[in-house]
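I wanted a short record of what I looked up here, taking the ligand first, then the pockets, and last the backbone geometry.

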Amino acid sequence: MLIKPSRGASEPPASSITPREVYEARREFIARVAATAVAGTSIWEMANRQAFAQGATARLAARANPAFSTSEKRTAFKDATSYNNFYEFGTDKGDPAQNAHTLRTRPWTVAIEGEVKKPLTLDIDSLLKLASLEERVYRLRCVEGWSMVIPWIGYSLSNLIRHVEPLSSAKYVEFISLADPKQMPGVRSGVLDWPYVEGLRMDEAMHPLALLTLGMYGQVLPNQNGAPVRVVVPWKYGFKSAKSIVKIRFVKEQPRTSWMVAGPNEYGFYSNVNPNVDHPRWSQASERRIGEDGFFKPKRKTLMFNGYNEVASLYAGMDLRKFF
Ligand code: MTE
């Protein structure tokens, strides 16, 4: 917490040591300079903030991949970029759009390390070139009970994993987000254990649906959506899809994710979308599609694995109540 020292009682006021006309003139001068400075920067600053808040970024071309896309109505770009969870920028849904303009997304590197034959550090341009970019329209179901349909741009995470040649000892992949209090005001709070950490089992990470994501809606990822690189794992609750990743680590043991640390009884490692297993504080049987289902409309039914049944074989024989 920022503690502002109060002016001590023994400290003399400026007026008692400087002649009145001098300090008044000085005050007026300072006020004028400050006003000019604010006016001078504010137009640029405000325009910039506005553009960021609206999600304006550079175009990013990609080939549509209908085989991996739902034909459901897409969520409006405005909703997808103004109703976000990105606690590094605040906990209210509108905070990321308001605050994420301070995130510097270039230069940006992702360090890949741990149980791999070829540990390496890749910059964003190398990541953009590593495999051909596809547009995939995925449903994203948040653990809080809302969902969106978003045209993401990226390629299967498996391309990157194969590139670094994991060792047979690599059982899990850990995704670590940036945690820079200078750029991310939320990191100064203790709301989560920073950095934001998420993880997948190796076979989950290798599933072709798991997307290394660099853009959405035909453009580079807006900051509030996890620029410049995130993952999107559409059959799991949204919190598994870590944003603004700076490190990918291949590990032997199951990672301790930020949400598991925050609430071990509420958030499990797997977190597959599962309408049959309630969150301890609310049902997961239905959801509200952002921009479509108003508060007076009945919610729509949530589908097992968010409707991505092709992943079911990854969990054959597992008790998904126990491994929630
Ligand atoms: N990644 C980081 N680093 N920090 C976060 O707070 N929130 C998660 C996930 N990834 C989060 C994160 C949650 S709870 C959700 S629902 C999705 O991001 C939201 O992604 P979106 O804002 O692009 O829809």
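**Entry 1: the model.** I note at the outset that this is a predicted model, and I read everything below with that in mind.

**Entry 2: the ligand shell.** I began with the surroundings of the ligand and found 17 residues around it, of which Asn 84, Tyr 87, Glu 88, Arg 230 and Lys 243 come nearest. Sorting this shell by class, I get 8 nonpolar, 6 polar and 3 charged residues.

**Entry 3: polar contacts of the ligand.** I then looked up pairs of N or O atoms within 3.5 Å. For Asn 84, a polar side-chain atom lies 2.8 Å from an oxygen atom of the ligand. For Asn 85, the partner is a backbone N or O atom, and it lies 3.2 Å from a nitrogen atom of the ligand. Tyr 87 also takes part through a backbone N or O atom, which I find 2.8 Å from an oxygen atom of the ligand. How much of the ligand's area does the protein bury? Taken alone the ligand exposes 540 Å², and the protein buries 99% of that.

**Entry 4: the largest pocket.** I asked next where the ligand sits, and the place is the largest pocket, to which I assign a volume of about 460 Å³. Its lining holds 27 residues, and those that lie nearest the centre are Asn 85, Phe 86, Cys 142, Gly 238 and Phe 239; Asn 85 is thus listed here and also in the polar contacts above. By class I record 17 nonpolar, 6 polar and 4 charged residues in this lining. Which strand gives the most to it? Strand E5, residues 146-156, does so with 4 residues.

**Entry 5: the second largest pocket.** I find about 250 Å³ of space in the second largest pocket. It is lined by 16 residues, with Thr 105, Arg 106, Val 220, Leu 221 and Ala 227 nearest its centre, and the lining divides into 11 nonpolar, 3 polar and 2 charged residues.

**Entry 6: cis peptide bonds.** Two names from the pocket just described came up again when I turned to the backbone. The peptide bond from Arg 106 to Pro 107 is cis, with omega near -10 degrees, and I place Pro 107 in the loop between helix H3 (95-99) and strand E2 (109-114). A cis peptide bond also joins Ala 227 and Pro 228, where I read omega as about -5 degrees; Pro 228 belongs to the loop between strand E9 (219-220) and strand E10 (230-232).

**Entry 7: a positive phi.** Finally, I looked up Ser 244, which has a positive phi near 45 degrees although the residue is not glycine. I locate Ser 244 in the loop between E10 and strand E11 (245-251).

Conventions. Residues are numbered from 1 along each chain as its sequence is written. This is a predicted model: local features need pLDDT of at least 70, side-chain atom pairs count only at pLDDT 80 or more; totals for chains, interfaces and linings use all residues. Side-chain values use heavy atoms; hydrogens and water are left out. A residue is near a molecule or strand if one of its heavy atoms lies within 4 Å of it. A polar contact is a pair of N or O atoms within 3.5 Å; within protein, one must be able to donate a hydrogen and the other to accept it, and residues adjacent in sequence count only if both atoms are side-chain atoms. Accessible areas come from the Shrake-Rupley method with a 1.4 Å probe; for residues, only the protein chains shown count as cover. On a 1 Å grid over the protein atoms alone, a cavity is a set of points where a 1.4 Å probe fits but cannot get out, and a pocket is an open set with protein on both sides within 12 Å along at least five of seven lines; lining residues have an atom within 4 Å of a point. A molecule sits in a cavity or pocket if more than half of its atoms lie within 2 Å of its grid points. Ala, Val, Leu, Ile, Met, Phe, Trp, Tyr, Cys and Pro count as nonpolar, Asp, Glu, Lys and Arg as charged, and the others, Gly among them, as polar. Grid points are joined across faces, edges and corners, and a volume is the space filled by probe spheres set on the points. Helices (H or I, at least four residues) and strands (E, at least two) are DSSP runs, numbered from the N terminus.
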